[in-house]
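Me: I have a structure open that I have never looked at before. Could you walk me through it?

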Amino acid sequence: MEAASAALSLVDVALRLGKYISETLEYSKERAAFQLELSQLAALLRRFAQHKHSGSPDDALVIELRGIQNNVEKLHKKLFAEVGLGKVHRQLRWPFVKKEILEITGRIERAKTFLILILSNDIGQEIEVERTRAQSRHADITKQLTDLTVNTTRARAVAESLKVQSFPSVSPKDVMLLQTEQAEARRARIAEQISAFDQRENHARVLSQVQTEAGLWFIQQLDGWMEHSSQIVWATGIPGGGKTSLTAVAIEHIKKRKKAAETFVGYIYLKFSVKMSLQDIFASLERQTVEQGASISQTQALGHSNARSLSGRLGSFARSYIIVDALDEYPDGVGRLELVDDLTELVVNNGVNLLLTSRPVIAKDRFDERIQWMEIRAHDEDLVPYIERQLGGARLKRLLKGNETLREEIKGVLLRQNEGMFLLPRLHLDLLSRCRSLAELRRTLQKLPDSVFDTVQQSLQRIREQDPGDAHLAELVLAWTVFSRRHLTLSELQSAVAACDIHSTTWSELQEAITDEGLLVDVCLGLVDVQEAHGIKEPLVSMTHFTIQQFFDMFGLEQFPWAHVQITNACLRHMTLHPLFNDLGSFNVDFDPEASFSHYAAVEWGHHGRAVEDDPTFLDSVVSFSYRETCVAKAGQILLEHDRSSLLAYPEAAPSTSLAVSGITPLHLTVYFNCLSLLIYQLSTSSAKLWIDAPDHQSRTPLWYAARLGLTDIVTTLLEHEASPNIAEKNHWFHCP
């Protein structure tokens, strides 16, 4: 570059001039100033020459530098003349005058200024470049820090979700604990897949009602059964004899006595209010084997449960005990015999120890000869703790306060009359607890009945002696509990009792007639109980004991002759007032069949009505309901949805979902429920001609229903009233017979 070359030349000259001045012996202040300027110029020129100037220098600057270089060259010649005594002359005499020095100094100063400007501009550009680079590096570092922060935040979130504080703190023990928890969770899931019947809840409920030292005599009698394999004991006893309580005691004793890891203890509590099929029973036992440590292979978990599949799982245990309580509450006939035979097969093939309990068995010769029969009766040593605990209840404790003589008298009477059962003292104590004074308590104690049935009869008498409102409520609760075609949930019972209120004319009034659930049970004086049931969110209402249910099975109509009329009218009233049955817009059904009184009313009203179809009150209620077209259509839709497995169900057709295609008439419902008297009554009304050949959504007439269901009397009656036999149903699945 040209400017750099000029600068280098100037540096060289300046250095030579400086050397000359420094060698001159005589010099003035001007000489010193000249030397200083030349030195500064040399430094600037050196920096200029070393600086990598990227731009093009100004032409004027180059010309200026060249001019300075020329003048300095002239000075050089003058200062370094080599003629004669030139060197001596140079040392003895200063060859310049002041004017010349000022002129040269001015030129040098001007050159310095140009050089300083150039250097300043280039350095500023370099600073800007470096600043831009620094900003870029800062942006890169900022981005890296941001990414690092995000990754750190994510890592912390993952650690928090995993509940991991720090990896170094996880010990082998923690890992084993986590693996165990995961294995137990998987085992629990598979157990629930096998069966939804959790017998542990039933066992805990029974055990909570058993006294601490109860049943020791029973355990002693079972010692031989527990010690030797392939043993069958069938313990029988009178109703209310404490068989279920003793079963719970036996189960707990085996659990504590045997090593849990090597012994399987399976049990089934049968109950008349809970329907269990043969498959349900074996599935529940299989579930218990998994819960207690049996193999959980997937093929077994999803298989069909029976004696053979249970046998495979029992191989995981060294000893197996199976206890089945209340076998008499399992459906009689072939099902019960098959259950005993299948359980006996496990005894033979797997060495199972089997314990059965039931009421007395008449035809013992029908069962395996290896069965050891045992009798169960409540012992005084079991009853005394139970009676003392009941006497310590709030009401009796208050009445008997300070009266130990009467307390002992009550205990003695209950023990003398117990007849080897828990149920009778329980009912007696419930009667005594309802007394309002000591005098009433003494009178009741003197008249305590000697049998369960007599005690139930006396309880009914006490119920009717209550306040009229409570007595009426109790009778309604008992009637619904006795005669409902399935067990009602507590909320269903509330709706059912409210629907019996003849003063309610609107849905809101019917809702206001609902009674507190606690009062429903309390007014029945111990005859009714509420219990949790399999597969249903709400508790079911039933009699407190199978024996009490049997009493009402035998004498229910005698006690409540009006029951079926009241129940039928309540169902019709509920449907008539319920907004769902009066909604023309939507016919979608969203009922839980096992927990909705609306569903019960639609499906069961006709079955109750068939028992009293000649009753004038019933006929009036049905006629009133019949003229509510929307209610009839909705009831019919729910009925057919419920009865998909009947002869009326099509392989493909689903119930209609709109009023326009439903077409169900009161005659369709009457025929379905096989109510002949009601049919004759309806055919005598003015609407008969509109209904007799009316088709439903599949073009099926009432006559088609009757023929398909095989109701000969109904078919004859319809034909006598000129029903047409020639109307074909829509999809031609079936022809009218």
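## A first look at the chain

Reply: Gladly, and please keep in mind from the start that this is a predicted model. A good place to begin is with the contacts in the protein chain that have a separation of 6 or more, since 77% of them are between residues 24 or more positions apart.

Me: OK, and how many helices and strands are there in the protein chain?

Reply: The protein chain has 35 helices, alongside 7 strands.

Me: How much of the protein chain is buried?

Reply: Of the 737 residues in the protein chain, 47% are buried. As for the outside, the accessible surface of the protein chain is about 37600 Å², and carbon and sulfur atoms account for 53% of that surface.

Me: Which residues in the largest nonpolar core touch the most other members?

Reply: That core has 83 residues, and the ones touching the most other members are Leu478, Trp480, Leu527, Phe552, Met575, Trp605 and Leu718. The element that gives the most to this core is helix 21, which spans residues 468-483 and supplies 9 residues. There is also a second, separate core of 31 residues, with Met276, Tyr330, Leu339 and Phe367 among its members.

Me: Let me stay with Leu527 for a moment; what does it touch?

Reply: Leaving aside residues up to four places away in sequence, Leu527 touches a list that includes Leu427, Val456, Leu460 and Ile463. Leu478 and Phe552 are also touched by Leu527, and both of these are named with Leu527 among the residues that touch the most other members of the largest core.

Me: Changing topic, which residues make a nonpolar patch on the surface?

Reply: Ile141, Leu145 and Leu148 together make a nonpolar surface patch of about 300 Å². Ile141 lies in helix 5, which runs over residues 98-161, and Ile141 counts as partly exposed because its relative accessible area is 47%, between the 20% and 50% cut-offs.

Me: What about cysteines, how many disulfides are there?

Reply: The count is 0 disulfides. Two of the cysteines, Cys435 and Cys631, can still be placed with respect to the surface: Cys435 is buried, as its relative accessibility is 1%, and Cys631 is likewise buried at 1%.

Me: Which residue other than glycine has a positive phi near 60 degrees?

Reply: Ala326 is one such residue, and Ala326 sits in the loop between strand 3 (319-325) and helix 14 (334-350). Ser230 also has a positive phi, of about 60 degrees, without being a glycine, and its place is the loop between helix 9 (223-227) and strand 1 (232-237).

Me: Are those two buried or partly exposed?

Reply: Ala326 is buried, because its relative accessible area of 6% is under the 20% cut-off. Ser230, in turn, is partly exposed, with a relative accessible area of 35%.

Me: One last thing, where is Ser245, and what does it touch?

Reply: Ser245 belongs to helix 10, covering residues 243-257. Not counting residues up to four places away in sequence, Ser245 touches Val206 and Val210. Ser245 and Val210 are 35 residues apart along the chain, yet their C-alpha atoms are separated by 6.2 Å.

Me: And why is Ser245 called partly exposed?

Reply: Ser245 has a relative accessibility of 23%, and therefore counts as partly exposed, because the buried class takes in values under 20% and the exposed class those over 50%.

Conventions: Residues are numbered from 1 along each chain as its sequence is written. This is a predicted model: local features need pLDDT of at least 70, side-chain atom pairs count only at pLDDT 80 or more; totals for chains, interfaces and linings use all residues. Side-chain values use heavy atoms; hydrogens and water are left out. A disulfide is a pair of cysteine sulfur atoms within 2.5 Å. Buried means under 20% relative accessible area, exposed over 50%, partly exposed in between (1.4 Å probe, protein chains only). Helices (H or I, at least four residues) and strands (E, at least two) are DSSP runs, numbered from the N terminus. Contact means heavy atoms within 4.5 Å. Accessible areas come from the Shrake-Rupley method with a 1.4 Å probe; for residues, only the protein chains shown count as cover. Patches are made of residues with over 30% relative accessible area and no salt bridge: like charges are joined within 9 Å, nonpolar side chains (Val, Leu, Ile, Met, Phe, Trp, Tyr) within 5 Å. A salt bridge is a side-chain nitrogen of Lys or Arg within 4 Å of a carboxyl oxygen of Asp or Glu. A nonpolar core is a set of buried Ala, Val, Leu, Ile, Met, Phe, Trp, Tyr and Cys residues joined through side-chain atoms within 4.5 Å.
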